Amino acid sequence: METPQQHIQSDEQLLQSLQQDSRQAFNELYFRHWENLYRAAYSVLRDEDSAKDIVQEVFFSIWKKRHTQQIRQLSAYLFQAVKFQVARQLRHGKLLDIHVERLGHLHTMNTTEESLHASELDALLETTLGKLPERCRDVFYLSRFEQLSNKEIAQRLNLSTRTVEWHISNALKHLRHTIENTFLLLILFMLH
C-alpha cells in the first residue's frame with residue numbers, strides 16, 4: 001500500500017512534466033516555491049505589489065521557456081531569477097537608502113550557493129565600508145550595526161548631530177553608488 005508521501009513528486013520530476021506542457025506540474029511548482037520567493041523579493045523592496053509581480057514574472061518566464069530551458073537545481077535557479085529581477089527593478093527605478101540597507105541585511109538564503117552569494121554581498125559591504133574615511137565609517141557602524149541614535153553617536157564621538165547625519169548620508173551615497181555599479185555588472189554578466 002502506498003503512502004501519501006510516495007505521490008509527492010520532486011522538483012526535477014515536475015520540471016520534466018512541465019516540459020510536456022503539464023499545467024498541474026506548473027501549479028505545483030508555483031505553490032511549492034512562491035512564498036519563499038515572495039519573501040525574498042519583499043525583504044528588499046518592501047512593496048507587496050512589486051514583490052508579487054517579480055514572482056509572477058519569474059514563473060511566467062519558466063512557463064514560456066519550458067521546452068528549451070534546462071534547470072538543474074530549481075530552488076537555486078528561482079532565487080537567482082528573483083535576485084536578478086529585484087536588481088533589474090532597482091536599476092530601472094530609484095535605489096533608495098532603505099534598499100541599500102536591506103540588501104546589506106538580506107540573509108534569507110537556503111542553499112550553499114545562496115549562502116555563498118550572501119557572503120559575497122557581505123564582503124562587498126565590508127570592502128565598500130572599508131574605503132570610507134575613518135570617521136564616516138565609525139559613524140555608519142555605530143548607526144547601522146550598533147543601532148545607536150544620531151544623538152548617541154554625536155555624544156560618543158564628540159560630534160554635532162548634524163555632522164553625524166552628514167556622515168551617514170555620505171556613507172549611504174557611497175554604498176548606493178557601489179551597489180548600483182555592482183548590479184549593473186551583474187546584469188551585464190548575466191546577459192552574456
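1. Start with the cation over a ring: arginine 66 lies over the face of tryptophan 63, and the distance to the ring centre is 3.8 Å. Bear in mind that this is a predicted model.

2. Tryptophan 63 also has aromatic company. One aromatic cluster is formed by Phe26, Tyr30, Phe31, Phe59 and Trp63. Over the whole structure, the search turns up 6 aromatic pairs. Take tyrosine 30 and phenylalanine 31: the ring centres are 5.4 Å apart and the planes stand at 85 degrees, so this pair is edge-to-face.

3. Is each ring of that pair buried or exposed? Tyrosine 30 has a relative accessible area of 17%, so it counts as buried. Phenylalanine 31 comes out at 60%, so it is exposed.

4. Next, tryptophan 34 and tyrosine 38. Here the ring centres lie 6.2 Å apart with the planes at 55 degrees, so the pair is tilted. An angle over 60 degrees would be needed for edge-to-face, and one under 30 for stacked. Both residues belong to helix 2 (residues 23-45) and are 4 residues apart, about one turn of the helix. Tryptophan 34 is partly exposed at 31% relative accessibility, whereas tyrosine 38 is buried at 15%.

5. Which helix does helix 2 pack with, and at what angle? Its partner is helix 3 (residues 48-64), at about 145 degrees, with the axes 8 Å apart. Helix 2 passes helix 3 in a right-handed crossing.

6. The residues at this contact tie the earlier points together. On the helix 2 side they include Phe26, Tyr30, Trp34 and Tyr38, along with Leu29, Leu37 and Leu45. On the helix 3 side, Phe59 and Trp63 are among them, as are Ile54, Val55 and Lys52. Phe26, Tyr30, Phe59 and Trp63 thus turn up in this contact and also in the aromatic cluster. Arg23, His33, Ala41 and Tyr42 of helix 2 take part as well, and so do Glu48, Ser50, Ala51 and Gln56 of helix 3.

7. Now the overall picture. The protein has 9 helices and 0 strands, so to speak α-α-α-α-α-α-α-α-α when read along the sequence. Of its 192 residues, 40% count as buried. Take the contacts between residues at least 6 apart in sequence: 61% of these join residues at least 24 apart. The accessible surface comes to about 12,100 Å², and carbon and sulfur atoms account for 51% of that.

How values were computed
Residues numbered from 1 in each chain as written. Predicted model: local features only at pLDDT ≥ 70, side-chain atom pairs only at ≥ 80, totals over all residues. Heavy atoms only, no water. Phe/Tyr/Trp six-rings, centres within 6.5 Å; stacked < 30°, edge-to-face > 60°. Buried < 20%, exposed > 50% of the residue type's maximum accessible area, 1.4 Å probe, protein only. Helix = DSSP H or I, 4+ residues; strand = E, 2+ residues; numbered from the N terminus. Lys NZ or Arg CZ within 6 Å of the ring centre and 35° of its normal. Contact = heavy atoms within 4.5 Å. Areas by Shrake-Rupley, 256 points an atom, 1.4 Å probe, with all protein chains shown as cover. Axes fitted to C-alpha atoms, helices over the stretch in contact; angles between N-to-C directions. Left-handed = near helix turned anticlockwise from the far one by under 90°.
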